[in-house]
Amino acid sequence: MQTPNEAILHPRDIGLILGYRCQAGCAHCLYNCGPGWHDWMRVEDVTAALSHAKQVWGQGFQVHLTGGEPFLNFPLLLQATRIAVDLDIPAYVETNAAWCRDPDQANDRFRQLRLAGLAAVLISVSPFHQAAIPLERTLTGITAAQEVFGASQVIVYQADWLPGMARHGIEGTVPLDRYVQTFGRSQAGQRLWQGYGLISGGRAGYRLGGLVDTRPPEAFRGLSCRGELLFAPHSHLDLYGGFIPAFCGGISLGHWRELSQLVDAYRGGDISPFVAVLTEEGPFGLYQTARKAYGYQVLLDGYAGKCHLCVDLRKHLVQIGAFPEHLLPESFYHQIKDLPL
Ligand code: SF4
Ligand code: SF4
């Protein structure tokens with residue numbers, strides 16, 4: 001049986017971020033992925049990251065190969081699959097299907113992955129994706145993946161959106177503005193935020209915050225991030241060495257090359273002041289520190305959620321060079337593109 005300490009930093013589903021590059025640059029992306037990123041994980045680092053994970057967590061986890069969009073570097077994705085399979089780690093891939101222009105090519109790529117031992121495919125579906133990816137490609141990807149893996153091994157996340165998205169047409173992209181024009185700001189906001197279960201981190205708070213009632217920092221007082229930072233069942237290891245807890249894009253708890261020591265340190269209560277303030281007081285605690293010690297200026301328009309506050313604080317802290325060991329990758333903070341919807 002697991003002791004309470006063993007539950008700390010013990011994810012069951014590890015995302016291996018092969019690269020942050022993505023064609024879509026979605027408004028809701030928690031990792032600020034998009035076409036402005038160019039690096040990819042080295043093959044030896046795929047082996048190293050998964051080997052460290054295996055050494056620390058044994059059999060009790062699966063890996064999803066992800067990005068960004070991992071099919072933008074198909075040879076790497078195929079190699080990463082083989083490495084996971086060789087290490088006896090169950091693996092699936094997460095894709096936005098933007099590359100699925102040609103059904104035969106989609107079928108061929110899925111077949112190669114299946115032969116390499118990949119267990120399943122997750123295809124992302126939402127109005128945020130449709131703003132950059134014609135639904136036609138998503139549907140081509142779903143069909144090809146189901147032909148190769150079988151319907152039970154293809155997760156369409158979130159399939160409930162498909163009928164409504166199809167009503168906007170499948171051939172072109174559909175700007176999110178269309179939802180505002182059709183339903184009005186308040187209802188569009190409710191459909192998109194609650195309907196998807198949006199988290200306000202990454203660029204979501206900036207790009208989509210105009211659709212909800214925003215709040216001042218004080219509204220987030222007492223919301224600790226202990227669960228997200230220490231007990232997340234879902235975490236990521238990225239190409240730059242970051243161990244990113246939960247969906248906290250832009251935060252690294254430490255380098256996965258020292259995963260064993262890192263996990264021991266957290267389980268032993270050896271936590272840095274930056275992580276401690278978030279685990280104890282959440283972003284409101286970080287806000288108080290950032291305002292007093294680092295000259296943070298509050299956003300007068302307010303924040304769409306606690307993670308929006310957190311990202312905006314961290315964006316400021318990166319600009320002045322604070323907490324460089326945790327605010328990684330730094331490019332995350334340059335890829336927010338805080339454009340209005
Ligand atoms: S949410 Fe997915 S598809 Fe959209 S930009 Fe991020 S990685 Fe790309
Ligand atoms: S507020 Fe920050 S630390 Fe807390 S869950 Fe959101 S992104 Fe993670």
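**Notebook: two ligand shells and a nonpolar core**

I started at ligand 2 and found that helix 10 (226-230), helix 12 (273-294) and helix 13 (306-319) each supply at least two residues of its shell. Helices here are DSSP runs of H or I with at least four residues, strands are runs of E with at least two, and both are numbered from the N terminus. I note that this is a predicted model, where local features need pLDDT of at least 70, side-chain atom pairs count only at pLDDT 80 or more, and totals for chains, interfaces and linings use all residues. Residues are numbered from 1 along each chain as its sequence is written, while chains are lettered from A and ligands numbered from 1 in the order in which they are written.

**Entry 1: around ligand 2**

Which helix gives the most to the shell around ligand 2? I found helix 13, with three residues. The full list I wrote down is G201, C225, E228, L229, A246, C248, I251, L278, P283, K306, C307 and C310. To be near a molecule or strand, a residue needs its C-beta atom, placed from the backbone, within 6 Å of it.

I then sorted the shell around ligand 2 by class and got nine nonpolar, one polar and two charged residues. In this scheme Ala, Val, Leu, Ile, Met, Phe, Trp, Tyr, Cys and Pro count as nonpolar, Asp, Glu, Lys and Arg as charged, and the others, Gly among them, as polar.

I picked C248 from this shell for a closer look. C248 sits in the loop between strand 7 (243-245) and helix 11 (259-267). Is C248 buried or exposed? It is buried, because 25 other C-beta atoms lie within 10 Å. The cut-offs are 20 or more other C-beta atoms within 10 Å of its own for buried, 12 or fewer for exposed, and partly exposed in between, with C-beta atoms placed from the backbone.

Leaving aside neighbours within four places in sequence, C248 is in contact with G201 and E228. A contact means that the two C-beta atoms, placed from the backbone, lie within 7 Å. I also checked the C-alpha atoms of C248 and E228: they are 7.9 Å apart, with the two positions 20 residues apart along the chain.

**Entry 2: around ligand 1**

Next I turned to ligand 1. Of the 14 residues around it, C22, C26, C29, C33 and N96 come nearest. By class, I have six nonpolar, seven polar and one charged residues in this shell.

One of those nearest residues, C26, led me to F128, which touches C26, A27 and H28 when residues up to four places away in sequence are not counted. F128 lies in helix 4 (residues 127-130), and it counts as buried because it has 23 C-beta neighbours inside 10 Å. For a long-range check I took D264, whose C-alpha atom is 39 Å from that of F128.

**Entry 3: the core and strand 1**

I looked up the largest nonpolar core and found 101 residues, among which L16, L18 and A80 touch the most other members. Helix 12 brings the largest share of this core, seven residues. A nonpolar core is a set of buried Ala, Val, Leu, Ile, Met, Phe, Trp, Tyr and Cys residues joined through C-beta atoms within 7 Å. In soluble globular proteins, nonpolar side chains tend to be buried together.

Beyond four places in sequence, L16 is in contact with V46, A49, V63, L65, T66, A80 and L237. I followed strand 1 (residues 13-17) and saw that four of its five residues are buried, so it is largely enclosed by the rest of the structure. Strand 1 runs parallel to strand 2 (residues 62-66), and five bridges join them; pairing requires at least two DSSP bridges. I17 stands opposite T66 in strand 2.

**Entry 4: backbone oddities**

I noted a cis peptide bond from G67 to G68, with omega near 20°. G68 lies in the loop between strand 2 and helix 2 (74-86). Another cis peptide bond joins L328 and P329, with omega about -10°, and P329 is in the segment after helix 13.

Two non-glycine residues with positive phi also went into my notes. L9, in the segment before strand 1, has phi near 45° and is buried, with 24 other C-beta atoms within 10 Å. D88, in the loop between helix 2 and strand 3 (91-95), has phi near 65° and is exposed, with 9 other C-beta atoms within 10 Å.
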